[in-house]
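Okay, thanks everyone, let's get going. I'll put the model up and then walk you through the ligand site, a few strands and a pair of cysteines.

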Amino acid sequence: MNMVLLGPPGAGKGTQADMLIKAYGLLHISTGAMLREAVKEGGELGAEIETYMNSGELVPDDIVTKAVTERMNKPDAADGVILDGYPRTRIQAESLDKALREENKSLDTVLYFKTSEEVAVYRLSGRRVCEKCGKNYHVVNIPPRVENICDKCNVKLIQREDDSPETVKNRLAVYGKRTKDLIVYYNEKGLLNEVDGDVQAKKLFDEIDILLKKKGLIENDDSN
Ligand code: AP5
């Protein structure tokens, strides 16, 4: 199954992607995570990407699409992927259609996380991330077992550079200007499924699980 997670910053795409890969074993492709890795690697490209990310602007389509297409063509993507944060523009959506077509694959579904701005801002301001494994926490909603320490890696949690109030404001504006149109794009293709991004993470996962089973995209295991 190939699935796109669409929604504003802070909608919980990364959180649900983690839960979905645990449940269904698909490959998680997060463009945000890939780009953060590229920044860590440094060099001219890393520095260019960092400038866009830290101001909340989108990284140019060609850079992101090349990275995603290369990742999707690796053998471990053969059984399906969860695309988190990609596509984010019409050009990226068309590139994705083309890349899938060329591999005789298709997109099975798009989950659109409808989320209020107030909730998104609250979540991003309280988000903490493990620098080592990338796991997301929230100081109130999804806290680690020990304050400010990753449950898995036992290292300190950090606040993402682009979660500062000014950058969050711009990221939300950029989403409205450049990404929101994809709701119409995928609705016209009959692929869009709206879910309530404002609800608690486990509740949302259960909603998604029921939806995917109803659509026959994952097996309906009666023991659940
Ligand atoms: P990216 O890393 O993709 O960030 P984003 O899309 O802005 O999304 P976030 O990671 O901020 O939010 P999320 O929806 O994943 O929420 P999360 O689960 O973390 O992109 C970063 C930057 O990279 C972009 O600004 C851009 O510059 C660049 N970029 C990336 N992709 C690109 C592309 N395709 N093209 C061009 N540029 C690109 O949850 C947030 C918080 O809320 C967490 O603390 C979490 O614990 C908590 N939480 C989550 N769900 C719930 C819930 N249901 N209830 C309560 N709390 C919750």
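**Around the ligand**

So, start at A201: one of its backbone N or O atoms sits 3.1 Å from a nitrogen atom of the ligand. I'm calling that a polar contact, meaning a pair of N or O atoms within 3.5 Å; within protein, one has to be able to donate a hydrogen and the other to accept it, and residues adjacent in sequence count only if both atoms are side-chain atoms. How much of the ligand does the protein cover? It covers 98% of the 1,000 Å² of accessible area that the ligand has on its own, with areas from the Shrake-Rupley method and a 1.4 Å probe; for residues, only the protein chains shown count as cover.

Quick housekeeping: this is a predicted model, so local features need pLDDT of at least 70 and side-chain atom pairs count only at pLDDT 80 or more, while totals for chains, interfaces and linings use all residues. Residues are numbered from 1 along each chain as its sequence is written, and side-chain values use heavy atoms, with hydrogens and water left out.

Back to the ligand. Two oxygen contacts to look at: a side-chain N or O atom of R127 is 2.6 Å from a ligand oxygen, and a backbone N or O atom of Y137 is 2.6 Å from an oxygen of the ligand. In total, 35 residues surround the ligand, taking near as a heavy atom within 4 Å. T15, E57, R88, R127 and R171 are the closest. Which element gives the most to that shell? That's α2, with 4 residues. Helices here are DSSP runs of H or I, at least four residues, and strands are runs of E, at least two, numbered from the N terminus.

**The strands**

Now β5, residues 127-130. It runs antiparallel to β6, with 3 bridges joining them; strands pair if DSSP finds at least two bridges between them. V129 has N136 as its bridge partner in β6. The hairpin of β5 and β6 has 5 residues between the strands, and G134 there takes a positive phi near 85°. β5 also pairs with β7, residues 157-158, antiparallel over 2 bridges, and there V129 stands opposite I158.

**Two cysteines**

Last bit: why is C153 not bonded to C133? Their sulfurs are 3.6 Å apart, too far for a bond, as a disulfide needs cysteine sulfur atoms within 2.5 Å. The disulfide count comes to 0.
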